[in-house]
Amino acid sequence: MRPRARLLPAAIALALPLAGLALLLGFPQLDLVWQHHPSHFWIVLGAALLSVALSYVTWVNAARRADARVMLVSLAFLAPAGFLALHALATPGVLLAGGNAGFDLSTPVGIALGAALAALSAREVEGAAAVTSVRRARLLRLTLLTVMAAWAAVSLLELPPLGGGPTPERVSGWFVTIAVAATGLYGFAAVAYLRLWGRRGGLMPLAVAAAFVLLGQAMVAVTLAPNWHLSWWEWHLLLLVAFALVAWGANRQWHEERFADLYLDRTVSGTREMTVLFADLQGFTTFSESHPPDEVRTMLNTYFDAAIPPVVTRHGGVVDRIIGDALMVTFNSLGDQPDHAVQATRAGLALQAETSRIAEQHPRWPRFRVGINTGEVAVGIVGSAGGRTLTVIGDVVNTASRLEGAAPVGRVAISAATLGQLPEGVVTHPLGDLELKGRTEPVAAYVVDRLG
């Protein structure tokens, strides 16, 4: 079946819950009452916990790649999750003996907030706007968590307007207005992710679109269904199915970059100026040949423990990959580090200083060489369903690797492009015009003696 042909059965499957709700409401005699508090508690809490897990996983992935879209998708899951958990606690006999407006209203409020965040996530932003969106998403997350904590406190303390008392009527006034707006926002977001799926394919955009459709249907059911009737139970199950669908889709993806199909175009395939650092141990092959594997591993871990967290992370570098004894680090990979050449050079010098202390204690261990280059690179996802990762590609990367091979042991070699972005006061001496493997033109290289 062609990808677009799958839309019809998917649309039918998503329309069934709404058709079921319409049937129950159109024939009240079928809308039976089933009041079972333990089932309510565990269904709602299960949906909340599943959504919290999804929110956490997507946020960690989005923060690592600084992708505003996936950050907002994470928040679109977090909003219903937090308020759903509050609703679960409103189950009679758990924390509260009677009704509480704050806990009763938590679900529609959470779903409505999720709708606004889902619609925000559907935008395509580029350049500086994408960097700004990441900062705003982090602020939104803090605000959302604060609001949920305050809502819970006010409800538990039974303070107005969320204390004890009757819940506002759900089929009149402002409640219906919010429900209509939320349903429309979920519909808008679902269409946007269907378009994304049409452009890129992949399972995740389709799963997220389906989840937003189900959340929109849940909002309709929350508004119309009377408590403890089958139509009321339906929206609880819709929420659970929505989150389970996205979890299933994520589980089917390659473990690296599970949410790559949701990334902004800027993240998937863009170009930006970056500085690339390569570090490699001179004499590693000879050392490996003459020492047991366990000793080789110990040597590598000792070096990397000293170099990566205290050096690379401190200067804003991102470890792109580690292959054996080779370390590749990028600076300005998120587009928010204007002094990336300076920070990369500082990181290279600090790496040599830290690893030299270790080498003094182990005179027979090999030493690092470091090469650094600056310029425009292509950033994006490389690979397919059998394995994919986000990396940087281009002549800048290749030249940085060749510079590392030409660098003196224990020193840092940089290109003229990197040197041009360093401040006055940097002390270097020329390494000469290097004939690097694979390049037709020689590359001017310099060894950094000191960076003020």
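This is a short dialogue on reading features of a predicted model.

Reader: Where do I start with the interior? Which residues touch the most other members of the largest nonpolar core?

Author: Start with the buried nonpolar residues whose side chains join up. In this predicted model, the largest nonpolar core has 88 residues. Tyr193, Phe212, Leu239 and Phe243 touch the most other members.

Reader: Which helix gives the largest share of this core?

Author: Helix H3, residues 68-89, with 14 residues.

Reader: Take Phe243. What is in contact with Phe243, leaving aside its neighbours within four places in sequence?

Author: Here is the list. Phe243 is in contact with Ala47, Leu50, Ser51 and Leu54. Phe77, Pro80, Leu84 and Leu215 are also contacts of Phe243.

Reader: What other core lies apart from it?

Author: Another core, of 35 residues, lies apart from the largest one. Leu327, Phe368, Val370 and Leu422 are among its members. Keep Phe368 and Leu327 in mind.

Reader: Next, aromatic pairs. What numbers should I read?

Author: A pair of aromatic rings is described by the distance of the centres and the angle of the planes. Planes over 60 degrees apart count as edge-to-face.

Reader: How many aromatic pairs does the structure hold?

Author: The structure holds 8 aromatic pairs. One of them joins Phe41 and Trp42. The centres are 5.0 Å apart and the planes meet at 80°, so the pair is edge-to-face.

Reader: Are Phe41 and Trp42 buried or exposed?

Author: They fall on opposite sides of the cut-offs. Phe41 has 15% relative accessibility and counts as buried, because the limit is under 20%. Trp42 has 59% and is exposed, because that is over 50%.

Reader: Now Phe368. Which residue forms an edge-to-face pair with Phe368?

Author: Tyr303 does. The centres are 5.2 Å apart, with 70° between the planes. Tyr303 lies in helix H11, residues 293-313, and Phe368 in strand S4, residues 367-384. The pair therefore ties together parts that are 65 residues apart in sequence.

Reader: How accessible are Tyr303 and Phe368?

Author: Tyr303 is buried, with a relative accessible area of 1%. Phe368 is also buried, at 1%. Ring pairs link Tyr303 and Phe368 with Phe304 and Trp365 into a cluster.

Reader: Phe304 is in that cluster. Which strand residue is in contact with Phe304?

Author: Ile322, found in strand S2, residues 318-323, is in contact with Phe304. Leaving aside neighbours within four places in sequence, Ile322 is also in contact with Ile308 and Leu327. Ile322 is partly exposed, at 40% relative accessible area. The C-alpha atoms of Ile322 and Phe278 are separated by 10.0 Å. Those two residues are 44 apart along the chain.

Reader: On to backbone angles. Which residues have a positive phi without being glycine?

Author: Look at Ala66 and Asn332. Phi of Ala66 is near 50°. Phi of Asn332 is about 70°.

Reader: Where do Ala66 and Asn332 lie?

Author: Ala66 lies in the loop between helix H2, residues 37-65, and H3. Asn332 lies in the loop between strand S3, residues 326-331, and helix H12, residues 340-361.

Reader: Are Ala66 and Asn332 buried or exposed?

Author: Ala66 is buried, with a relative accessible area of 8%. Asn332 counts as buried at 10%.

Reader: What is the relative accessible area of Thr418?

Author: Thr418 has 0% and is buried. The residue sits in helix H14, residues 416-419. Leaving aside neighbours within four places in sequence, Thr418 is in contact with Ala341, Thr345, Ile372, Asn373 and Thr374.

Reader: Last, empty space. How is it found?

Author: Rolling a probe the size of a water molecule over the atoms shows where empty space is left. This structure holds 1 cavity of 30 Å³ or more. About 30 Å³ of space lies in the largest cavity.

Reader: Which residues line the largest cavity?

Author: Ala68, Arg69, Leu72, Leu120, Ser121, Arg123, Val125 and Leu264. They divide into 5 nonpolar, 1 polar and 2 charged. H3 gives the most, with 3 residues. H3 and helix H4, residues 101-121, each supply at least two.

Conventions:
Residues are numbered from 1 along each chain as its sequence is written. Side-chain values use heavy atoms; hydrogens and water are left out. A nonpolar core is a set of buried Ala, Val, Leu, Ile, Met, Phe, Trp, Tyr and Cys residues joined through side-chain atoms within 4.5 Å. Buried means under 20% relative accessible area, exposed over 50%, partly exposed in between (1.4 Å probe, protein chains only). Helices (H or I, at least four residues) and strands (E, at least two) are DSSP runs, numbered from the N terminus. Contact means heavy atoms within 4.5 Å. On a 1 Å grid over the protein atoms alone, a cavity is a set of points where a 1.4 Å probe fits but cannot get out, and a pocket is an open set with protein on both sides within 12 Å along at least five of seven lines; lining residues have an atom within 4 Å of a point. Grid points are joined across faces, edges and corners, and a volume is the space filled by probe spheres set on the points. Ala, Val, Leu, Ile, Met, Phe, Trp, Tyr, Cys and Pro count as nonpolar, Asp, Glu, Lys and Arg as charged, and the others, Gly among them, as polar. Rings of Phe, Tyr and Trp (its six-membered ring) pair if their centres lie within 6.5 Å; planes under 30 degrees apart count as stacked, over 60 as edge-to-face and the rest as tilted.
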